[in-house]
Amino acid sequence: MKKTYKIDVDCANCANKMEEAAKNTAGVKDATVNFMMLKMIVEFEDGQNPKSVMQDVLKNCKKLRMTARSSSKIKNFHRRMEEKAGAE
């Protein structure tokens, strides 16, 4: 069974990571993220409950989002520190 879901993603790299996270979730046979259309198409393994599996997909995608935000904060911190050092 295939289902299509609307997603909220800011960049193509994040879309690729979301796709990988979905593909690596138990119960997912295949997943495709279309960044331009902001959609995720998920094909579920036979006998799987799509609602239950999607809860796991969402958890995995949220983990990525938190990691990306932390990474972004660290990069911004380093950038600000470099700017301060250059200004002195």
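A residue is called buried when its relative accessible area is under 20%, exposed when that area is over 50%, and partly exposed in between. By this scale E43, with a relative accessible area of 22%, is partly exposed. The structure described here is a predicted model, and the passage below moves from its sheet to its core, its charged pairs and its cysteines.

Three strands form an open sheet in the order 1-3-2, and their pairing is antiparallel. Strand 1 and strand 2 stand at the edges, each with a single partner strand, so one side of each is left without a neighbour in the sheet. Neighbouring strands of this sheet are turned against each other by 20° on average, when direction is ignored. In general, the strands of a sheet pair through backbone hydrogen bonds, in either a parallel or an antiparallel manner. Five bridges join strand 1, residues 2-6, to strand 3; among the partners across this pairing, K3 is matched with V42 and Y5 with M40. On the other side, strand 2 is joined to strand 3 by six bridges, again in an antiparallel arrangement, and V28 has F44 as its bridge partner in strand 3. The hairpin of strand 2 and strand 3 has four residues between the strands, and in this hairpin L38 takes a positive phi near 55°.

The two faces of strand 3 can be told apart by their cover, since M40, V42 and F44 make up a covered face, whereas K39, I41 and E43 make up an uncovered one. Helix 1 lies across strand 2 and strand 3, and runs at about 170° to strand 2.

The largest nonpolar core contains 16 residues, of which M18, M40 and V57 touch the most other members. Helix 1 (12-23), strand 2 (28-34), strand 3 (39-44) and helix 2 (50-87) each supply at least two residues of this core. When residues up to four places away in sequence are not counted, M18 touches I7, V9, V33, M40, C61 and L64. Of these contacts, C61 counts as buried because its relative accessibility is 11%, which falls under the 20% limit. The residue K62, by contrast, has its place in helix 2 and is exposed, with a relative accessible area of 58%. The C-alpha atoms of K62 and M18 are separated by 9.1 Å, although the two residues are 44 residues apart along the chain.

The structure holds two salt bridges. In one of them, E43 is paired with K29, and the closest N and O atoms are 3.8 Å apart. Because E43 lies in strand 3 and K29 in strand 2, this pair ties together parts that are 14 residues apart in sequence. While E43 is partly exposed, K29 is exposed, with a relative accessible area of 57%. In the other salt bridge, E19 is paired with K23, with 3.5 Å between the closest N and O atoms. Both E19 and K23 lie in helix 1, where they are four residues apart, or about one turn of the helix. E19 counts as buried at 16% relative accessibility, whereas K23, with a relative accessible area of 33%, is partly exposed.

A search of the whole structure finds zero disulfides. For C11, the nearest cysteine sulfur is that of C14, at a distance of 3.0 Å, and C11 is in no disulfide, because a disulfide requires two cysteine sulfur atoms within 2.5 Å. C11 itself counts as partly exposed, at 28% relative accessibility.

Terms used: Residues are numbered from 1 along each chain as its sequence is written. This is a predicted model: local features need pLDDT of at least 70, side-chain atom pairs count only at pLDDT 80 or more; totals for chains, interfaces and linings use all residues. Side-chain values use heavy atoms; hydrogens and water are left out. A nonpolar core is a set of buried Ala, Val, Leu, Ile, Met, Phe, Trp, Tyr and Cys residues joined through side-chain atoms within 4.5 Å. Buried means under 20% relative accessible area, exposed over 50%, partly exposed in between (1.4 Å probe, protein chains only). Contact means heavy atoms within 4.5 Å. Two strands pair if DSSP finds at least two bridges between them. Axes are lines fitted to C-alpha atoms, for helices over the stretch in contact, and angles run from 0 to 180 degrees between N-to-C directions. A salt bridge is a side-chain nitrogen of Lys or Arg within 4 Å of a carboxyl oxygen of Asp or Glu.
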